[in-house]
Amino acid sequence: ECGRRGQVRADILNVWGFSIFFYCVTRLDYWEDGRGLDKLLIYLCLRIGRQTGSMAWRVARGEMGSSNAEFVFSPSKDEEDQGMMEVEYDCAADKYFRAGRVEVVSGFMSGVFSSANVGRKVESDWNMVYVARGEGNCDKGEVTWKFKMREGLVVKKVKLLVGSCCYESGVVTWQLCSDRSCLLPAAGQQLETEQLSGSSEIQLSARLGGGEGESAWQHTQLFRCPRDGAAGLPQLKISIWMGKSEN
């Protein structure tokens with residue numbers, strides 16, 4: 001029994017963090033009957049769950065912390081024939097779409113190449129959704145999307161629109177990079193460029209940092225919009241024109 005309780009303490013520490021762990025250990029010591037662990041789980045769901053969803057639930061769904069998903073967007077055969085690939089992320093729907101609003105990936109984290117300390121948040125009281133750093137975690141956060149051409153094709157032109165907002169001293173830095181150069185897109189402003197022409201792949205990254213006090217994690221937000229629809233607010237939309245490599 002002691003070994004079992006010790007393992008539970010370790011599991012809770014890994015998922016909930018030290019401050020919640022201390023509270024959980026107190027409850028474990030208090031509930032010593034055979035149903036104590038079940039009671040603890042129920043209590044955590046009711047007491048510690050928040051408007052953004054319980055941390056354990058978000059971790060389990062891959063909505064928090066680091067991700068090594070390494071998802072890569074590549075053009076379909078039809079897109080190759082048309083010479084253009086388009087990818088859009090809608091935070092309200094929490095889905096990725098190709099041209100014509102064709103759903104290809106469900107869930108923010110499912111479509112990223114890599115991430116650290118970021119996740120999708122739901123504010124039930126304000127009826128808003130957005131991507132931000134982990135709740136209560138004021139360290140820097142980062143997320144990257146990758147777009148790769150198939151063999152024999154290269155990027156010709158890119159059009160990009162991204163949305164983010166900052167409060168207090170929060171800072172969001174966007175980067176659009178190839179193996180040749182990097183650009184710094186501005187949120188809410190459409191970028192159209194041929195500077196990445198000739199590249200076989202490009203990566204889009206957002207770095208979140210700064211902010212004030214314990215709410216610093218909330219002072220940098222990506223794709224903030226109402227839960228019932230983006231209503232024309234900038235989300236993430238990238239169009240990549242491609243052509244045959246000259247090499």
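**Exercise 1. Determine whether Ser-199 is buried or exposed in this predicted model, and describe its surroundings.**

*Solution.* Step 1: The relative accessible area of Ser-199 is 0%. Residues under 20% count as buried, and Ser-199 is therefore buried.

Step 2: Locate the residue along the chain. Ser-199 sits in a loop, with strand E13 (191–193) on one side and strand E14 (201–209) on the other.

Step 3: Examine the polar partners. The side chain of Ser-199 forms a polar contact of 3.2 Å with the side chain of Ser-178. In addition, a polar atom of the Ser-199 side chain lies 3.0 Å from the backbone oxygen of Leu-196.

Step 4: List the other neighbours. Leaving aside residues up to four places away in sequence, Ser-199 touches Met-149, Val-154, Val-155, Ser-178, Asp-179 and Arg-180. Ser-178 thus appears both as a touching residue and as a polar partner through its side chain.

**Exercise 2. Determine whether Lys-146 is buried or exposed, and identify its side-chain partner.**

*Solution.* Step 1: Lys-146 belongs to strand E8 (residues 141–148).

Step 2: Its relative accessible area is 12%. The limit for a buried residue is under 20%, so Lys-146 is classed as buried.

Step 3: The side chain of Lys-146 makes a polar contact of 3.4 Å with the side chain of Glu-201.

Step 4: With residues up to four places away in sequence not counted, the residues that Lys-146 touches include Phe-71, Val-72, Phe-73 and Phe-113. Glu-201, Ile-202 and Gln-203 are also among them.

**Exercise 3. Describe the open sheet of six strands: its order, its edges and one of its pairings.**

*Solution.* Step 1: The strand order is E4-E3-E2-E16-E9-E13, and the pairing is antiparallel.

Step 2: Strand E4 (102–106) and E13 are the edge strands, each of them pairing on one side only.

Step 3: On average, neighbouring strands of this sheet are turned by 20° against each other, with direction ignored.

Step 4: Consider the pairing of strand E2 (residues 84–90) with strand E16 (residues 236–244), which is antiparallel and runs over six bridges. Within it, Met-84 has Trp-241 of E16 as its bridge partner.

**Exercise 4. State which stretch of the chain has a pLDDT below 50, and how the model should be read there.**

*Solution.* Step 1: The average pLDDT of the chain is 80, and 72% of the residues score at least 70.

Step 2: The pLDDT is below 50 over residues 1–65, a stretch with 70 contacts in the model beyond near neighbours in sequence.

Step 3: Predicted coordinates should not be read in detail where pLDDT is low.

Definitions and conventions:
Residues numbered from 1 in each chain as written. Heavy atoms only, no water. Helix = DSSP H or I, 4+ residues; strand = E, 2+ residues; numbered from the N terminus. Buried < 20%, exposed > 50% of the residue type's maximum accessible area, 1.4 Å probe, protein only. Polar contact = N/O pair within 3.5 Å; in protein donor to acceptor, adjacent residues only side chain to side chain. Contact = heavy atoms within 4.5 Å. Pairing = 2+ DSSP bridges. Axes fitted to C-alpha atoms, helices over the stretch in contact; angles between N-to-C directions. pLDDT = per-residue confidence, 0-100.
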